[in-house]
Amino acid sequence: MVEDGEFLNRIRGLLKIYPRGLTISEISQRLKCNRNSVAKYLEILQISGTVEMQQMGAAKVFYLSQRVPISSLLGFTKEGILVISSDGRIIQVNERFCRMFDQDVTTITGTSYLMLPQEILRAFHFDTYFDSDLETEHTAVVTFTKYDWRRFFKVKYIKTVFDDGRSGLTIIVEDVTLETEMEERLRISEARYRGIVEDQTELICRYNRDGVISFANGAFCRLFQMNHTEALQHSLFEFMHPDASRQIKEGMQSCSPLSPVFESEFEFKLPSGQSRWYHWVSRMLADDNGGILEYQGVGRDITERKNAERELLIKSHAMDSSIVPIALLSMEGSITYVNRAFLELWGYHSPDEVIGLPFKHFAKDIDVSAALFLSQNLLHEDRSGYVYEVDGVRRDGSQINLSVTISGVTGSDRYPICLIAYLYDVTHWVRMVRELEIKDTAIAHSYEGMAIITPDDVVMYANPSFKRIFSRVPDGTMVGRSIEWSLSYYPQIISSIPDIRAALKEKGNFTRVFSDTGEDGSSLVIQVHLSRVFDKTGVHLCTLISALDITSQRTMEESLALMVEQLEGTVDQMGDPTFIISRDRMVVAWNEAMEILTGLNKHEMIGSLKYQEVIRNSNPSLPILVDLFDLSPKELIQIYPQVSRVGNSFYTEAFVPGFHEGKGTYVWAKASPITDTSGRVIGYIQTIKDMTNWKRAVESVVGKTVG
């Protein structure tokens, strides 16, 4: 049995083959089915709008409908369109309708038409045309009134059948306010009309398809320096540029009784040789049968507006092209315009992303009320604007520093109309200042003594540490004196002045450690470094001198060297392999037993940082405990469960298969930290003991006991 949908498709397919149409009998014969069934399915297709019927004598001829779906036209028509289903629900509406009546597409689509504003319901009387079944189409002109203004709309109500068989109503709305007002004006008496026309400052004339003038008002005649009789001997196109003439002719050809008006803007060539811009409204005048009688044109001089637009365009282009970020603000502080530099500064791509935002969104520290106060002050005195230093955050989250200048823009009456803001990115400058402040503070608080010497060897700056190190110089006498005078209190240093000058001249820098004896007999050790500073052109700007009191460090180094020497002597006397590393993992002791174990002598290892690699390459299973002191107790247990900790020392046992000619060796290892007199760790010592004989003796005794 053939399904209904399949049968409907077969009828549509057959009618595509015969575009001129077929009768019910012809369709029944070709599809080999019952005539009544064909009639029933044709009725369904006709209701849905897919098929249309034409009566030819006694026969009914059916053919496919050539209609275009309303949905495909909604977005391309200048008329407003509203489609309502039989249950009163708005199922389609275009943007033009919404703009006419200040509605939102997404808000009203799907709702009942009764939810529309009362002024729309009063004007359009939807209920009347829903209930009426006398006509499938009706046209009316309605008056729409809202607040204190009135508009006229030409409305066409069309009974509609949808694809699913449901019925509804389609309303097509055309704004005919201008046409209606013009028609009302034309109904005024000829005398009064001519009086009004003659008094108009706008140009008014009538002309045929070729532009030949049949009437011209006084303003038109005065503009072209002719009387009414002379005007009738000219064509309107004579006073236009060719492009404007072509534009008017194309508009005349597009006119129809349903769309009799079109607008254009062009220049008229005046007898003086100058040109003036006019906004021209052309209307087709037709007889009762729709035949074209002539055309009427009304022109308004817009030369000043065009010049202002041109100037505005030039200024706007200048602002858009400016490398300075610029924003125009309303008197309430909202952004109304930004140039390309402003968008680039903040990381935006389109002005639409910024327009309407409050200026505080970008400069939070600027009070708009202060800006308003600024603009009010401009009424009384000339001001260049207020300058603010603010911080900002770009769209990507990066910080910037800005200098913002805001001033008022006033009209011809000196009343403020808006605000203008100029933004300058001073991030680099602020950072330089901050870095300079940080450096100045760091130098002033540095433990290292620093001084700046002018090219003529005068001390122009010395930080507190420099004055502390060279404390023999009388307080307050160092700056402004020659460096030689200051160093004259230190015989060991002043005697090296010739060497210092020679080194600075040859290499540009000088470094040396000086030793001296204080008045109380204590030793003094100072490390001094001097370097010359030049600008980009090679001009000598100054000489920097830095000094560091290393007396304590030198004493510690001597003590440490003595301690290491003593440790090395002790380690060399130990029979078990032993080595010592410093806090920075450098080998400082490597005894004879360690040389025998690894095959590397102490001269190769002392000063080396690669003891781990050497030990592992020599004996892969030999444990290295000195590297475990930086681990936490938890990490030590998790990673090295075979290592025990007793006090500050680590212990472990391991089997080294490479010892004793491949027979293997049991070793016991111990590592401990080495501290100075103040308890500070200065190194680590590790001892490795051969436990093979002891281990095997224990195993032998245990074996005999078990046996």
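Student: What order do the strands of the open sheet of 6 strands have?

Tutor: First, this model is predicted: local features need pLDDT of at least 70, side-chain atom pairs count only at pLDDT 80 or more, and totals for chains, interfaces and linings use all residues. Residues are numbered from 1 along each chain as its sequence is written, and side-chain values use heavy atoms, leaving out hydrogens and water. Strands are DSSP runs (E, at least two residues), as are helices (H or I, at least four), numbered from the N terminus. The pairing is antiparallel (two strands pair if DSSP finds at least two bridges between them), and the order reads E24-E23-E28-E27-E26-E25.

Student: Which strands are the edge strands there?

Tutor: Look for strands that pair on one side only. That picks out strand E24 (587–590) and strand E25 (644–646).

Student: In E28, which residue is the bridge partner of Ile581?

Tutor: E23 (residues 578–582) runs antiparallel to E28 (residues 681–690), and 5 bridges join them. Opposite Ile581, the partner in E28 is Tyr684.

Student: Is Arg585 buried or exposed?

Tutor: Arg585 sits in the loop between E23 and E24. Buried means under 20% relative accessible area, exposed over 50%, and partly exposed in between (1.4 Å probe, protein chains only). Because its relative accessible area is 16%, Arg585 is buried.

Student: Which side chain does Arg585 join in a polar contact of 3.3 Å?

Tutor: A polar contact is a pair of N or O atoms within 3.5 Å; within protein, one must be able to donate a hydrogen and the other to accept it, and residues adjacent in sequence count only if both atoms are side-chain atoms. Arg585 is also in contact (heavy atoms within 4.5 Å) with residues including Ser608, Tyr611 and Tyr684, leaving aside neighbours within four places in sequence. The polar contact partner is Asp627.

Student: How many residues in the turn separate the hairpin strands E13 and E14?

Tutor: E13 (residues 326–329) pairs with E14 (residues 335–338) in the antiparallel sense over 3 bridges, with Leu329 opposite Ile335. Gly333 in the turn has a positive phi of about 95°. The number of residues between the two strands is 5.

Student: Which helix gives the largest share of the largest nonpolar core?

Tutor: A nonpolar core is a set of buried Ala, Val, Leu, Ile, Met, Phe, Trp, Tyr and Cys residues joined through side-chain atoms within 4.5 Å. This one has 28 residues, and Phe220, Phe268 and Trp280 touch the most other members. Suppliers of at least two residues each include strand E8 (203–207), helix H11 (218–223) and helix H13 (242–254). The largest share, 4 residues, comes from H11.
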